[in-house]
Amino acid sequence: MLPFKTLITVDKSAEASVYLQLAEQLRRLIGDGVLKTGQKLPGTRQLAELLQLHRKTIIAAYDELLAEGWLESRAGSGTFVADPLPLVRPQSLVDEVDEQRINRKPGFQFESRPHLVRPLLLMGDGLRLDDGFPDIRLAPMEELARAYRSYFRWGNPQQHFGYGDPKGNRLLREELSVFLNETRALRTTADNILITRGSMMGIHLASTLLLKPGQTAVVGETNWSGANMNFQQAGAELLTVPVDQHGLDVEALAELCERRPVRLVYVTPHHHYPTTVTLPPDRRLRLLQLSQQHGFVILEDDYDYEFHYLRRPILPLASADPNGLVIYIGSLSKSVAPAFRMGYVVASETVIDELARLRRIIDRQGDSMLEFAIGQLFRNGDMRRHLKKAHHTYADRCNYFCSLLTSELAGSVQFVKPDGGLAVWATFDPSIDLAELARKAKTEGLMFSDGLAHNPPGKVLNSTRLGFASSTETELEHSVAILRKVIKG
(Lines give C-alpha, C1' and ligand atoms only; values in the text may rest on other atoms or scores of the structure.)
Protein backbone atom coordinates (compact mmCIF):
# COMPACT_ATOMS: atom_id res chain seq x y z
CA MET A 1 0.00 0.00 0.00
CA LEU A 2 1.13 3.52 -0.77
CA PRO A 3 2.23 5.63 2.21
CA PHE A 4 -0.92 7.81 2.18
CA LYS A 5 -0.03 9.26 5.58
CA THR A 6 3.06 10.93 4.11
CA LEU A 7 1.62 11.64 0.65
CA ILE A 8 -1.43 13.52 1.96
CA THR A 9 -1.49 16.40 4.42
CA VAL A 10 -4.49 18.53 5.29
CA ASP A 11 -4.69 21.85 7.12
CA LYS A 12 -7.79 22.04 9.31
CA SER A 13 -7.26 25.76 9.82
CA ALA A 14 -7.32 26.51 6.08
CA GLU A 15 -10.27 28.25 4.42
CA ALA A 16 -10.93 25.30 2.09
CA SER A 17 -12.90 22.38 3.55
CA VAL A 18 -10.86 19.36 4.60
CA TYR A 19 -12.70 17.03 2.23
CA LEU A 20 -11.93 19.37 -0.70
CA GLN A 21 -8.26 19.47 0.29
CA LEU A 22 -8.24 15.67 0.39
CA ALA A 23 -10.02 15.39 -2.97
CA GLU A 24 -7.57 17.82 -4.58
CA GLN A 25 -4.53 15.89 -3.31
CA LEU A 26 -5.94 12.55 -4.47
CA ARG A 27 -6.70 14.12 -7.83
CA ARG A 28 -3.10 15.34 -8.06
CA LEU A 29 -1.74 11.88 -7.16
CA ILE A 30 -3.83 10.39 -9.96
CA GLY A 31 -2.74 13.08 -12.41
CA ASP A 32 0.93 12.57 -11.54
CA GLY A 33 0.61 8.81 -12.03
CA VAL A 34 1.30 7.93 -8.39
CA LEU A 35 -2.18 6.40 -8.27
CA LYS A 36 -2.57 4.43 -11.49
CA THR A 37 -5.60 3.61 -13.61
CA GLY A 38 -7.55 0.70 -12.09
CA GLN A 39 -5.69 0.86 -8.76
CA LYS A 40 -7.83 0.15 -5.71
CA LEU A 41 -8.00 2.81 -3.00
CA PRO A 42 -8.17 2.07 0.73
CA GLY A 43 -11.61 1.73 2.24
CA THR A 44 -13.08 4.83 3.86
CA ARG A 45 -12.60 3.49 7.41
CA GLN A 46 -9.01 2.44 6.72
CA LEU A 47 -8.04 5.78 5.13
CA ALA A 48 -9.80 7.69 7.93
CA GLU A 49 -7.63 5.85 10.49
CA LEU A 50 -4.46 6.45 8.47
CA LEU A 51 -5.07 10.20 8.10
CA GLN A 52 -6.73 10.69 11.52
CA LEU A 53 -9.84 12.13 9.87
CA HIS A 54 -13.54 11.46 10.30
CA ARG A 55 -14.87 8.77 8.00
CA LYS A 56 -17.54 11.16 6.68
CA THR A 57 -14.74 13.42 5.42
CA ILE A 58 -13.26 10.52 3.43
CA ILE A 59 -16.69 9.62 2.04
CA ALA A 60 -17.26 13.24 0.96
CA ALA A 61 -13.87 13.37 -0.80
CA TYR A 62 -14.49 10.05 -2.57
CA ASP A 63 -18.00 11.21 -3.61
CA GLU A 64 -16.50 14.40 -5.06
CA LEU A 65 -14.01 12.42 -7.19
CA LEU A 66 -16.64 9.86 -8.17
CA ALA A 67 -18.85 12.68 -9.45
CA GLU A 68 -15.95 14.17 -11.40
CA GLY A 69 -15.06 10.80 -12.96
CA TRP A 70 -11.64 10.35 -11.33
CA LEU A 71 -12.83 7.34 -9.31
CA GLU A 72 -15.28 4.55 -9.92
CA SER A 73 -17.12 2.35 -7.48
CA ARG A 74 -17.40 -1.39 -8.12
CA ALA A 75 -20.15 -3.12 -6.20
CA GLY A 76 -18.74 -5.52 -3.63
CA SER A 77 -15.12 -4.69 -4.55
CA GLY A 78 -14.46 -1.12 -3.41
CA THR A 79 -13.34 2.18 -4.96
CA PHE A 80 -10.83 2.31 -7.83
CA VAL A 81 -9.02 4.90 -9.94
CA ALA A 82 -11.23 5.29 -13.00
CA ASP A 83 -10.45 3.61 -16.30
CA PRO A 84 -10.40 5.59 -18.49
CA LEU A 85 -9.52 8.78 -16.63
CA PRO A 86 -11.31 12.07 -17.38
CA LEU A 87 -9.72 13.83 -20.33
CA VAL A 88 -8.47 17.28 -19.32
CA ARG A 89 -7.56 19.65 -22.12
CA PRO A 90 -5.79 22.86 -21.13
CA GLN A 91 -7.33 26.03 -22.60
CA SER A 92 -5.47 27.78 -25.37
CA LEU A 93 -3.88 31.09 -24.49
CA VAL A 94 -5.49 34.23 -25.90
CA ASP A 95 -2.65 34.86 -28.33
CA GLU A 96 -3.18 31.40 -29.82
CA VAL A 97 -6.85 32.03 -30.73
CA ASP A 98 -7.63 31.99 -34.43
CA GLU A 99 -8.75 35.55 -35.12
CA GLN A 100 -10.78 34.35 -38.11
CA ARG A 101 -12.96 32.21 -35.87
CA ILE A 102 -13.95 34.94 -33.38
CA ASN A 103 -17.66 35.61 -33.70
CA ARG A 104 -17.75 39.32 -34.48
CA LYS A 105 -20.60 39.47 -37.01
CA PRO A 106 -23.84 37.48 -37.15
CA GLY A 107 -24.82 35.30 -40.04
CA PHE A 108 -28.19 37.01 -40.23
CA GLN A 109 -29.62 40.49 -40.74
CA PHE A 110 -31.28 42.63 -38.10
CA GLU A 111 -32.36 46.24 -37.86
CA SER A 112 -30.42 48.52 -35.53
CA ARG A 113 -32.56 51.12 -33.77
CA PRO A 114 -30.96 54.58 -33.73
CA HIS A 115 -33.22 55.82 -30.92
CA LEU A 116 -31.54 53.33 -28.57
CA VAL A 117 -28.10 54.86 -29.06
CA ARG A 118 -27.11 57.15 -26.21
CA PRO A 119 -24.00 57.67 -24.07
CA LEU A 120 -23.41 55.11 -21.35
CA LEU A 121 -22.98 56.62 -17.89
CA LEU A 122 -20.26 54.87 -15.90
CA MET A 123 -18.91 55.86 -12.50
CA GLY A 124 -15.14 55.80 -12.82
CA ASP A 125 -12.40 56.86 -10.47
CA GLY A 126 -11.40 60.46 -9.92
CA LEU A 127 -13.40 63.64 -9.62
CA ARG A 128 -16.80 63.93 -11.27
CA LEU A 129 -19.71 66.30 -11.59
CA ASP A 130 -22.10 63.60 -12.71
CA ASP A 131 -25.70 63.55 -13.89
CA GLY A 132 -26.95 63.74 -10.32
CA PHE A 133 -26.00 60.54 -8.52
CA PRO A 134 -26.10 59.91 -4.76
CA ASP A 135 -22.95 59.56 -2.69
CA ILE A 136 -22.55 55.82 -2.27
CA ARG A 137 -20.39 56.46 0.79
CA LEU A 138 -23.51 57.63 2.63
CA ALA A 139 -25.53 54.51 1.81
CA PRO A 140 -26.58 52.39 4.83
CA MET A 141 -24.40 49.45 3.82
CA GLU A 142 -23.95 47.91 7.29
CA GLU A 143 -27.67 48.09 7.95
CA LEU A 144 -28.38 46.60 4.54
CA ALA A 145 -25.89 43.78 5.18
CA ARG A 146 -27.63 42.94 8.46
CA ALA A 147 -30.97 42.88 6.70
CA TYR A 148 -29.53 40.60 4.02
CA ARG A 149 -28.27 38.18 6.66
CA SER A 150 -31.66 38.10 8.33
CA TYR A 151 -33.14 36.85 5.05
CA PHE A 152 -31.22 33.59 5.47
CA ARG A 153 -32.39 33.09 9.05
CA TRP A 154 -36.04 34.04 8.76
CA GLY A 155 -38.99 32.06 7.44
CA ASN A 156 -39.28 29.13 5.09
CA PRO A 157 -36.21 28.60 2.84
CA GLN A 158 -38.38 27.06 0.12
CA GLN A 159 -40.42 30.24 0.03
CA HIS A 160 -37.43 32.56 0.28
CA PHE A 161 -35.37 30.99 -2.47
CA GLY A 162 -38.13 29.84 -4.77
CA TYR A 163 -40.24 31.83 -7.20
CA GLY A 164 -41.87 34.91 -5.76
CA ASP A 165 -44.55 37.42 -6.67
CA PRO A 166 -43.73 39.35 -9.88
CA LYS A 167 -45.14 42.42 -8.14
CA GLY A 168 -42.30 42.30 -5.64
CA ASN A 169 -41.66 41.26 -2.07
CA ARG A 170 -44.79 41.77 0.03
CA LEU A 171 -42.92 43.28 2.97
CA LEU A 172 -41.34 45.98 0.80
CA ARG A 173 -44.63 46.80 -0.92
CA GLU A 174 -46.39 47.14 2.42
CA GLU A 175 -43.69 49.32 3.94
CA LEU A 176 -43.36 51.40 0.78
CA SER A 177 -47.13 51.94 0.75
CA VAL A 178 -47.01 53.34 4.28
CA PHE A 179 -44.01 55.53 3.40
CA LEU A 180 -45.58 56.94 0.24
CA ASN A 181 -48.90 57.61 1.96
CA GLU A 182 -47.16 59.49 4.79
CA THR A 183 -44.65 61.48 2.74
CA ARG A 184 -46.54 62.06 -0.53
CA ALA A 185 -50.20 61.91 0.54
CA LEU A 186 -50.84 59.00 -1.82
CA ARG A 187 -53.69 56.61 -1.11
CA THR A 188 -52.25 53.18 -1.65
CA THR A 189 -52.09 49.65 -0.37
CA ALA A 190 -49.45 47.07 -1.21
CA ASP A 191 -51.65 46.01 -4.14
CA ASN A 192 -51.18 49.42 -5.77
CA ILE A 193 -47.41 48.94 -6.03
CA LEU A 194 -45.18 47.05 -8.44
CA ILE A 195 -41.47 46.80 -7.57
CA THR A 196 -39.19 47.15 -10.59
CA ARG A 197 -35.48 47.15 -11.35
CA GLY A 198 -35.20 50.93 -11.38
CA SER A 199 -37.53 53.53 -12.85
CA MET A 200 -36.46 52.61 -16.40
CA MET A 201 -38.24 49.25 -16.14
CA GLY A 202 -41.37 51.00 -14.87
CA ILE A 203 -41.38 53.36 -17.83
CA HIS A 204 -40.78 50.47 -20.23
CA LEU A 205 -43.65 48.44 -18.80
CA ALA A 206 -46.01 51.43 -18.82
CA SER A 207 -45.07 52.25 -22.42
CA THR A 208 -45.70 48.67 -23.47
CA LEU A 209 -49.08 48.66 -21.76
CA LEU A 210 -50.33 52.08 -22.84
CA LEU A 211 -48.91 52.82 -26.28
CA LYS A 212 -49.76 51.36 -29.66
CA PRO A 213 -47.80 52.17 -32.83
CA GLY A 214 -48.77 55.56 -34.16
CA GLN A 215 -50.26 56.90 -30.93
CA THR A 216 -48.93 60.19 -29.58
CA ALA A 217 -46.70 60.55 -26.54
CA VAL A 218 -45.83 64.09 -25.43
CA VAL A 219 -42.70 65.11 -23.52
CA GLY A 220 -40.89 68.34 -22.76
CA GLU A 221 -38.60 69.81 -25.40
CA THR A 222 -35.78 68.96 -23.04
CA ASN A 223 -36.37 65.56 -21.50
CA TRP A 224 -34.73 62.41 -20.19
CA SER A 225 -33.59 60.40 -23.18
CA GLY A 226 -34.23 57.14 -21.33
CA ALA A 227 -37.96 57.89 -21.33
CA ASN A 228 -37.95 59.05 -24.96
CA MET A 229 -36.30 55.80 -26.02
CA ASN A 230 -39.03 53.72 -24.44
CA PHE A 231 -41.86 55.67 -26.04
CA GLN A 232 -40.23 55.39 -29.45
CA GLN A 233 -39.53 51.70 -28.91
CA ALA A 234 -43.26 51.20 -28.27
CA GLY A 235 -43.93 52.74 -31.69
CA ALA A 236 -45.35 56.04 -30.46
CA GLU A 237 -45.04 59.30 -32.33
CA LEU A 238 -43.02 61.46 -29.96
CA LEU A 239 -44.04 65.14 -29.84
CA THR A 240 -42.57 67.87 -27.66
CA VAL A 241 -43.86 71.01 -25.98
CA PRO A 242 -41.69 73.87 -24.71
CA VAL A 243 -40.12 73.93 -21.26
CA ASP A 244 -39.50 77.28 -19.58
CA GLN A 245 -38.28 78.48 -16.18
CA HIS A 246 -41.41 76.96 -14.62
CA GLY A 247 -41.26 73.60 -16.35
CA LEU A 248 -43.58 72.06 -18.92
CA ASP A 249 -45.68 74.62 -20.84
CA VAL A 250 -49.13 73.17 -20.18
CA GLU A 251 -50.91 75.76 -22.36
CA ALA A 252 -48.83 74.64 -25.31
CA LEU A 253 -49.92 71.11 -24.41
CA ALA A 254 -53.56 72.28 -24.37
CA GLU A 255 -53.20 73.66 -27.90
CA LEU A 256 -51.64 70.40 -29.05
CA CYS A 257 -54.51 68.40 -27.57
CA GLU A 258 -57.02 70.50 -29.54
CA ARG A 259 -55.28 69.55 -32.79
CA ARG A 260 -54.82 65.81 -32.26
CA PRO A 261 -55.48 62.99 -29.78
CA VAL A 262 -52.78 62.42 -27.16
CA ARG A 263 -52.40 59.08 -25.43
CA LEU A 264 -49.64 59.80 -22.87
CA VAL A 265 -47.86 62.79 -21.34
CA TYR A 266 -44.58 62.19 -19.51
CA VAL A 267 -43.51 64.69 -16.84
CA THR A 268 -40.91 65.06 -14.10
CA PRO A 269 -42.77 67.83 -12.23
CA HIS A 270 -40.87 67.78 -8.96
CA HIS A 271 -37.53 68.61 -10.61
CA HIS A 272 -37.80 68.69 -14.38
CA TYR A 273 -35.13 66.62 -16.07
CA PRO A 274 -32.67 67.98 -17.06
CA THR A 275 -33.29 71.61 -16.02
CA THR A 276 -34.23 70.85 -12.35
CA VAL A 277 -37.12 73.43 -12.27
CA THR A 278 -40.26 72.66 -10.27
CA LEU A 279 -43.69 72.67 -11.92
CA PRO A 280 -45.82 75.18 -9.94
CA PRO A 281 -49.24 74.30 -8.46
CA ASP A 282 -51.29 76.15 -11.07
CA ARG A 283 -49.67 74.23 -13.92
CA ARG A 284 -50.14 70.97 -12.06
CA LEU A 285 -53.86 71.57 -11.65
CA ARG A 286 -54.16 72.57 -15.29
CA LEU A 287 -52.33 69.42 -16.37
CA LEU A 288 -54.74 67.27 -14.35
CA GLN A 289 -57.69 69.11 -15.89
CA LEU A 290 -56.34 68.55 -19.40
CA SER A 291 -55.83 64.87 -18.62
CA GLN A 292 -59.46 64.47 -17.60
CA GLN A 293 -60.72 66.60 -20.50
CA HIS A 294 -58.75 64.84 -23.24
CA GLY A 295 -58.36 61.40 -21.67
CA PHE A 296 -54.59 61.08 -21.80
CA VAL A 297 -52.54 59.24 -19.19
CA ILE A 298 -49.98 61.18 -17.14
CA LEU A 299 -46.77 59.25 -16.50
CA GLU A 300 -45.26 61.03 -13.50
CA ASP A 301 -41.58 60.26 -12.92
CA ASP A 302 -40.66 61.41 -9.41
CA TYR A 303 -37.05 60.31 -9.38
CA ASP A 304 -35.72 62.47 -6.49
CA TYR A 305 -38.70 63.55 -4.38
CA GLU A 306 -36.80 63.01 -1.12
CA PHE A 307 -34.35 65.82 -1.86
CA HIS A 308 -36.04 69.24 -1.75
CA TYR A 309 -34.22 71.92 0.22
CA LEU A 310 -35.96 75.31 0.32
CA ARG A 311 -39.40 74.39 1.63
CA ARG A 312 -41.76 71.48 1.86
CA PRO A 313 -41.94 69.85 -1.56
CA ILE A 314 -45.09 70.19 -3.62
CA LEU A 315 -47.07 66.96 -3.47
CA PRO A 316 -47.05 64.72 -6.54
CA LEU A 317 -49.70 64.93 -9.23
CA ALA A 318 -50.73 61.41 -8.22
CA SER A 319 -51.82 62.69 -4.78
CA ALA A 320 -54.37 65.03 -6.40
CA ASP A 321 -55.62 62.62 -9.06
CA PRO A 322 -59.23 61.54 -8.36
CA ASN A 323 -59.73 59.89 -11.74
CA GLY A 324 -56.93 57.30 -11.84
CA LEU A 325 -55.23 58.98 -14.81
CA VAL A 326 -51.76 59.27 -13.23
CA ILE A 327 -49.24 56.44 -13.13
CA TYR A 328 -46.60 57.33 -10.56
CA ILE A 329 -43.02 56.07 -10.91
CA GLY A 330 -40.24 56.41 -8.35
CA SER A 331 -36.77 55.12 -7.69
CA LEU A 332 -34.75 54.07 -4.67
CA SER A 333 -31.54 53.96 -6.72
CA LYS A 334 -31.08 57.71 -6.12
CA SER A 335 -31.65 57.18 -2.39
CA VAL A 336 -29.27 54.27 -1.81
CA ALA A 337 -26.96 53.56 -4.75
CA PRO A 338 -27.39 53.12 -8.52
CA ALA A 339 -26.16 49.51 -8.31
CA PHE A 340 -29.26 48.64 -6.28
CA ARG A 341 -31.77 48.50 -9.13
CA MET A 342 -34.88 49.33 -7.17
CA GLY A 343 -37.83 51.30 -8.49
CA TYR A 344 -41.58 51.15 -8.18
CA VAL A 345 -44.79 51.90 -10.05
CA VAL A 346 -47.94 53.12 -8.27
CA ALA A 347 -51.30 52.81 -10.02
CA SER A 348 -54.75 51.26 -9.67
CA GLU A 349 -54.83 47.57 -8.79
CA THR A 350 -55.97 46.48 -12.24
CA VAL A 351 -53.12 48.39 -13.90
CA ILE A 352 -50.59 46.92 -11.46
CA ASP A 353 -51.92 43.42 -12.18
CA GLU A 354 -51.45 43.90 -15.92
CA LEU A 355 -47.99 45.46 -15.51
CA ALA A 356 -47.00 42.45 -13.39
CA ARG A 357 -48.09 40.12 -16.22
CA LEU A 358 -45.96 42.09 -18.66
CA ARG A 359 -43.05 42.04 -16.24
CA ARG A 360 -43.16 38.23 -16.13
CA ILE A 361 -42.26 37.89 -19.80
CA ILE A 362 -39.06 39.92 -19.47
CA ASP A 363 -38.09 39.34 -15.83
CA ARG A 364 -39.95 36.66 -13.84
CA GLN A 365 -39.39 38.50 -10.59
CA GLY A 366 -37.04 40.96 -8.98
CA ASP A 367 -34.20 40.45 -6.52
CA SER A 368 -36.14 38.90 -3.64
CA MET A 369 -33.27 39.24 -1.17
CA LEU A 370 -32.64 42.91 -1.95
CA GLU A 371 -36.36 43.71 -1.85
CA PHE A 372 -36.69 42.01 1.54
CA ALA A 373 -33.61 43.81 2.87
CA ILE A 374 -34.86 47.23 1.74
CA GLY A 375 -38.25 46.42 3.23
CA GLN A 376 -36.54 45.70 6.55
CA LEU A 377 -34.73 49.05 6.38
CA PHE A 378 -38.09 50.80 5.99
CA ARG A 379 -39.69 48.77 8.78
CA ASN A 380 -36.98 49.38 11.40
CA GLY A 381 -36.48 53.06 10.51
CA ASP A 382 -32.98 52.76 9.01
CA MET A 383 -34.12 53.99 5.60
CA ARG A 384 -35.83 57.07 7.02
CA ARG A 385 -32.76 57.89 9.09
CA HIS A 386 -30.57 57.50 6.00
CA LEU A 387 -32.82 59.74 3.90
CA LYS A 388 -32.82 62.42 6.59
CA LYS A 389 -29.02 62.33 6.85
CA ALA A 390 -28.60 62.36 3.07
CA HIS A 391 -31.06 65.26 2.75
CA HIS A 392 -29.03 67.46 5.10
CA THR A 393 -25.75 66.47 3.49
CA TYR A 394 -26.93 67.14 -0.06
CA ALA A 395 -28.52 70.46 0.92
CA ASP A 396 -25.17 71.59 2.36
CA ARG A 397 -23.33 70.44 -0.74
CA CYS A 398 -25.82 72.21 -3.00
CA ASN A 399 -25.27 75.48 -1.15
CA TYR A 400 -21.50 75.09 -1.21
CA PHE A 401 -21.33 74.10 -4.86
CA CYS A 402 -23.50 77.01 -5.96
CA SER A 403 -21.36 79.42 -3.96
CA LEU A 404 -18.26 78.03 -5.70
CA LEU A 405 -19.81 78.43 -9.13
CA THR A 406 -20.73 82.01 -8.30
CA SER A 407 -17.36 83.01 -6.88
CA GLU A 408 -15.06 81.07 -9.21
CA LEU A 409 -16.91 80.92 -12.54
CA ALA A 410 -18.92 84.14 -12.66
CA GLY A 411 -19.30 85.27 -16.26
CA SER A 412 -18.56 81.81 -17.62
CA VAL A 413 -21.47 79.83 -16.18
CA GLN A 414 -25.08 80.84 -15.59
CA PHE A 415 -27.43 78.85 -13.39
CA VAL A 416 -30.39 79.12 -11.07
CA LYS A 417 -29.85 77.51 -7.71
CA PRO A 418 -32.16 74.49 -7.67
CA ASP A 419 -34.86 74.04 -5.04
CA GLY A 420 -33.71 70.46 -4.66
CA GLY A 421 -32.36 67.45 -6.47
CA LEU A 422 -28.78 66.30 -6.91
CA ALA A 423 -27.54 68.46 -9.80
CA VAL A 424 -27.31 72.03 -11.10
CA TRP A 425 -28.41 72.92 -14.64
CA ALA A 426 -25.52 75.05 -15.87
CA THR A 427 -25.43 77.09 -19.09
CA PHE A 428 -21.98 78.05 -20.34
CA ASP A 429 -21.00 81.22 -22.14
CA PRO A 430 -21.49 80.87 -25.92
CA SER A 431 -17.76 81.41 -26.43
CA ILE A 432 -17.08 78.15 -24.58
CA ASP A 433 -17.19 74.93 -26.56
CA LEU A 434 -18.78 72.67 -23.95
CA ALA A 435 -17.75 69.41 -25.64
CA GLU A 436 -14.13 70.59 -25.86
CA LEU A 437 -14.28 71.80 -22.27
CA ALA A 438 -15.43 68.37 -21.09
CA ARG A 439 -12.61 66.72 -23.04
CA LYS A 440 -9.96 69.02 -21.53
CA ALA A 441 -11.35 68.59 -18.03
CA LYS A 442 -11.15 64.82 -18.42
CA THR A 443 -7.42 65.07 -19.10
CA GLU A 444 -7.15 66.99 -15.81
CA GLY A 445 -8.99 64.27 -13.90
CA LEU A 446 -12.55 65.68 -13.89
CA MET A 447 -15.49 63.95 -15.57
CA PHE A 448 -18.75 65.66 -16.54
CA SER A 449 -21.23 65.43 -19.40
CA ASP A 450 -20.68 67.56 -22.49
CA GLY A 451 -24.45 68.22 -22.58
CA LEU A 452 -24.94 67.13 -26.17
CA ALA A 453 -27.59 64.59 -25.16
CA HIS A 454 -29.73 67.43 -23.77
CA ASN A 455 -29.87 69.42 -27.01
CA PRO A 456 -33.30 69.37 -28.70
CA PRO A 457 -33.16 68.71 -32.47
CA GLY A 458 -31.69 71.69 -34.25
CA LYS A 459 -30.75 73.56 -31.06
CA VAL A 460 -27.54 73.99 -29.09
CA LEU A 461 -28.22 74.80 -25.45
CA ASN A 462 -24.57 74.75 -24.39
CA SER A 463 -25.86 73.48 -21.06
CA THR A 464 -25.29 70.43 -18.93
CA ARG A 465 -26.12 68.92 -15.56
CA LEU A 466 -23.37 69.23 -12.94
CA GLY A 467 -24.05 66.78 -10.13
CA PHE A 468 -22.85 67.82 -6.68
CA ALA A 469 -24.33 65.18 -4.37
CA SER A 470 -21.75 62.44 -4.94
CA SER A 471 -18.79 64.71 -4.05
CA THR A 472 -17.58 66.04 -0.71
CA GLU A 473 -17.00 69.76 -0.28
CA THR A 474 -13.26 69.24 -0.76
CA GLU A 475 -13.90 67.30 -3.95
CA LEU A 476 -16.24 70.03 -5.17
CA GLU A 477 -13.52 72.60 -4.55
CA HIS A 478 -11.03 70.62 -6.62
CA SER A 479 -13.61 70.06 -9.37
CA VAL A 480 -14.45 73.74 -9.70
CA ALA A 481 -10.75 74.61 -9.64
CA ILE A 482 -10.21 72.30 -12.62
CA LEU A 483 -13.18 73.87 -14.43
CA ARG A 484 -11.76 77.32 -13.81
CA LYS A 485 -8.34 76.22 -15.04
CA VAL A 486 -9.58 74.75 -18.32
CA ILE A 487 -11.95 77.67 -18.96
CA LYS A 488 -9.33 80.33 -18.32
CA GLY A 489 -6.73 78.35 -20.25
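Let's start with a strand pair. β11 and strand β12, residues 343-346, pair in the antiparallel sense over 4 bridges. Take one residue from that pairing: I329 has V345 in β12 as its bridge partner. Keep in mind that this is a predicted model.

Now the sheet around that pair. It is an open sheet of 7 strands, with mixed pairing. The order is β4-β12-β11-β10-β9-β5-β6. Which strands stand at the edges? They are β4, residues 193-196, and β6. Each has a single partner strand, so one side of each is left without a neighbour in the sheet. From one strand to the next, the twist averages 20°.

Go to the β6 end. Strand β5 covers residues 216-220, and β6 covers residues 237-241. These two pair in the parallel sense, over 5 bridges. T216 stands opposite E237 in β6. Is β5 mostly covered or mostly open? Mostly covered: 5 of its 5 residues are buried.

Next, a helix on this sheet. α11 lies across β9, β10 and β11. Against β10, α11 runs at about 145°.

On to helix α9, residues 225-233. I want two residues from it. The first is F231, which lies in this helix. F231 has a relative accessible area of 0%. The cut-off for buried is under 20%, so F231 counts as buried. What does F231 touch, leaving aside its neighbours within four places in sequence? The contacts are I203, S207, L211, A217, V219, A236, L238, L264, Y266 and L299. For a sense of distance, take L41, which is 190 residues from F231 along the chain. The C-alpha atoms of F231 and L41 are separated by 67 Å.

The second residue is N230, also in helix α9. Buried or exposed? N230 is at 10% relative accessibility, and under 20% is the cut-off, so N230 counts as buried. Again leaving aside neighbours within four places in sequence, N230 is in contact with M200, I203, H204 and S207.

Now the nonpolar cores. In soluble globular proteins, nonpolar side chains tend to be buried together. Here, the largest nonpolar core has 83 residues. Which of them touch the most other members? L287, I374 and F448 do. Helix α14, residues 382-408, gives the most to this core, with 10 residues. There is also a second, separate core of 28 residues. Its members include F231, L299, I327 and I352. We have already met F231, in helix α9.

Back to F448 for a moment. Beyond four places in sequence, F448 is in contact with L129, L434, L437, A438, A441, T464, L466 and L483.

That brings in another sheet. This one is open, with 3 strands in the order β13-β14-β16 and antiparallel pairing. The edge strands are β13, residues 413-415, and β16, residues 463-467. Each of those pairs on one side only. Neighbouring strands of this sheet are turned by 40° against each other on average, direction ignored. Strand β14, residues 423-428, pairs with β16 over 5 bridges, in the antiparallel sense. For one residue pair there, A423 has G467 in β16 as its bridge partner.

Last topic, aromatics. A pair of aromatic rings is described by the distance of the centres and the angle of the planes. How many aromatic pairs does the structure hold? The count is 5. I'll show two.

One is F179 with F378. The ring centres are 5.1 Å apart and the planes are at 55°, so the pair is tilted. F179 lies in helix α7, residues 170-184, and F378 in helix α13, residues 368-380. They are 199 residues apart in sequence, so the pair ties together distant parts of the chain. Both F179 and F378 are buried.

The other is Y273 with Y303. Here the centres are 6.2 Å apart and the planes are at 80°, so this pair is edge-to-face. Y273 lies in the loop between β9 and α11. Y303 lies in the loop between β10 and β11. The pair therefore ties together parts that are 30 residues apart in sequence. Y273 and Y303 are buried.

One more ring to finish. R74 lies over the face of F80, at 4.0 Å from the ring centre.

Conventions:
Residues are numbered from 1 along each chain as its sequence is written. This is a predicted model: local features need pLDDT of at least 70, side-chain atom pairs count only at pLDDT 80 or more; totals for chains, interfaces and linings use all residues. Side-chain values use heavy atoms; hydrogens and water are left out. Two strands pair if DSSP finds at least two bridges between them. Axes are lines fitted to C-alpha atoms, for helices over the stretch in contact, and angles run from 0 to 180 degrees between N-to-C directions. Buried means under 20% relative accessible area, exposed over 50%, partly exposed in between (1.4 Å probe, protein chains only). Contact means heavy atoms within 4.5 Å. A nonpolar core is a set of buried Ala, Val, Leu, Ile, Met, Phe, Trp, Tyr and Cys residues joined through side-chain atoms within 4.5 Å. Rings of Phe, Tyr and Trp (its six-membered ring) pair if their centres lie within 6.5 Å; planes under 30 degrees apart count as stacked, over 60 as edge-to-face and the rest as tilted. A charge sits over a ring if NZ of Lys or CZ of Arg is within 6 Å of the ring centre and within 35 degrees of the ring normal.
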